[in-house]
Every structure is written in structure tokens, then in C-alpha cells.
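Me: I have a structure to go through with you. Keep the answers short.

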Amino acid sequence: MKLFVVVLLATLAIVQANSPPCLGCTSPVGDEKGTHDATEALKDSLKKFAAGEGPFYTIGKIHKATTQVIRGHLYKINADLVDQNNHTKTCDIEIISFKDVTVTFKCSGEQTVTKTYNP
């Protein structure tokens, strides 16, 4: 019986390792390209907002990011953002890029801000 369980677990591990990626599933951004893409999406959004009504932030540090292919592209980023007064805030940012780009900032102690722009 123990041998059966060991063989079963080994088989499941091999199948899991060889299975194709889950299309439409959230994936952590861990490689250099994925991190670069998430950072660029955030930089582009911050630059676009800084040219208008704001919010006016720069990137301090990205702690974590995920990506998901939906009807477009979805990035979820947890990062330190630096405001105009040089105060650092830890925020959860969602960037949905399809025909327009919609960005939602959820910073601790502040109201949620959602902005949309044309790329």
C-alpha cells in the first residue's frame, strides 16, 4: 500500500511538471521579463497621470506582482510609491490594459483612486 501511494504521488508530480500553463490563470511575475513588463506598465501609467491631474507618484520598490491574460492584460502589483512630498506609501495597484488602460491605486490610509486613459 505504501508503495502504491509513493508511485501515485510520483506520477502526479511528473504530470504536474509537464502540464501546459493554465491559460487565463493568475501567474506570479518572477522572471526578469515579467518583472520588467509589470514595471513598465506601472511607469507608463504613472507618467500618463503625472502629465494630467495625477496622482503624482514615482516607483520606490515593487514587492510583488502577478499577471493574468484576460480580455487584455491584468497586472496586480504591490509596491512602494513615492508622492510629491517624498513620502513613501505601500499600495496595491491594478492595471487592466485592453482598449483603454484602467489603473486602480489602493494605498493604505487613503481612498481608492481609479483612472482610465488611452494608451
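Me: Does Lys 89 count as buried or exposed, and at what relative accessibility?
Reply: The model is predicted. Buried means under 20% relative accessible area. Lys 89 falls below that cut-off, so Lys 89 counts as buried, at 17%.

Me: Which residue forms a salt bridge with Lys 89?
Reply: The closest N and O atoms of the pair are 2.1 Å apart. The pair links distant parts of the chain: Lys 89 lies in strand E4, its partner in the loop between strands E5 and E6, 21 residues apart. That partner is partly exposed, at 35% relative accessibility. The residue is Glu 110.

Me: Which residue is linked with Lys 89 and Glu 110 in a network of salt bridges?
Reply: The structure holds four salt bridges. The network takes in Lys 89 and Glu 110. The other residue linked there is Asp 83.

Me: Why are Lys 43 and Glu 40 separated by about one helical turn?
Reply: The two form a salt bridge, with closest N and O atoms 3.7 Å apart. Lys 43 is partly exposed at 40%, and Glu 40 is partly exposed at 27%. The separation is about one turn because they sit three residues apart in helix H2.

Me: How many residues apart are Lys 115 and Glu 53?
Reply: Their side chains meet in a salt bridge at 4.0 Å, N to O. Lys 115 is in strand E6, and Glu 53 is in the loop between H2 and strand E2, so the pair links distant parts of the chain. Lys 115 is partly exposed at 23%, whereas Glu 53 is exposed at 73%. They are 62 residues apart.

Methods
Residues are numbered from 1 along each chain as its sequence is written. This is a predicted model: local features need pLDDT of at least 70, side-chain atom pairs count only at pLDDT 80 or more; totals for chains, interfaces and linings use all residues. Side-chain values use heavy atoms; hydrogens and water are left out. Helices (H or I, at least four residues) and strands (E, at least two) are DSSP runs, numbered from the N terminus. Buried means under 20% relative accessible area, exposed over 50%, partly exposed in between (1.4 Å probe, protein chains only).
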